[in-house]
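Work through these exercises on charged side chains. Try each task before reading its solution.

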Amino acid sequence: MNKICDGIIGLAIGDAIGVPVEFRSRQELTKAPVVSMREYGTHYQPRGTWSDDTSLTLALMDSIIEKNEIDYVDIMNRFSNWLLYNDYTATGEVFDVGNSTSRAIAECVLKAVNLGDDTDTVGAVVGGLAGIYYGLEKIPKDWLDVLARRQYIEELCEELLKAINF
């Protein structure tokens, strides 16, 4: 893969790590810190399930691939299809409408998620940046193994690279 794809996978990983503890306070997470992928929790989702942050990223990528440009109407239509018809979701169901690598990625993402509150968004941003910086090969294998629809995300990354001639 390359840095763009590494970043997208990192985004999805960070998002998935944050989903089970979204809206938990820093104090709660200090008492029971996140140390790896969890299941259920806030949104009662299986391990590896990502949220709206990854869904909307994938919708944006798909629009750029299909339109070969930034088409705001198409992007909004895809975002609407996510919300109304469950497109681009990890499990076929919208469950969160948010407001907002080896050890290095693990620590970076886990520290960010353990800050509490909007943990999936924070995890997604930090995970994306960590994925770009450290690369996909540094993301813990057990996290990659349970990431919902990983193959779909990787295929979409490859299509995006072709569409933008990268």
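Three exercises with worked solutions follow.

The model is predicted: local features need pLDDT of at least 70, side-chain atom pairs count only at pLDDT 80 or more, and totals for chains, interfaces and linings use all residues. Residues are numbered from 1 along each chain as its sequence is written, and side-chain values use heavy atoms, with hydrogens and water left out.

**Exercise 1.** Describe the surroundings of Asp74.

- Place the residue: Asp74 sits in helix α4, residues 72-85 (helices are DSSP runs of H or I, at least four residues, numbered from the N terminus).
- Check burial: Asp74 is buried at 11% relative accessible area (buried is under 20%, exposed over 50%, partly exposed in between, with a 1.4 Å probe and protein chains only).
- List contacts (heavy atoms within 4.5 Å): Asp74 touches Ser63 and Lys67, leaving aside residues up to four places away in sequence.

**Exercise 2.** Which residues form a network of salt bridges?

- Apply the criterion: a side-chain nitrogen of Lys or Arg within 4 Å of a carboxyl oxygen of Asp or Glu.
- Take one pair: Asp62 and Arg78 meet at 3.0 Å, N to O. Asp62 is in helix α3 (residues 52-67) and Arg78 in helix α4, so the bridge ties parts 16 residues apart in sequence.
- Take another: Asp74 and Arg78 have their closest N and O atoms 2.5 Å apart.
- Combine: Asp62, Asp74 and Arg78 are linked in the network.

**Exercise 3.** Is Lys141 buried or exposed?

- Read the value: Lys141 has 59% relative accessibility, so Lys141 counts as exposed.
- Check its salt-bridge partner: Asp145, 2.8 Å away, N to O, is partly exposed at 49%.

Definitions and conventions. Helices (H or I, at least four residues) and strands (E, at least two) are DSSP runs, numbered from the N terminus.
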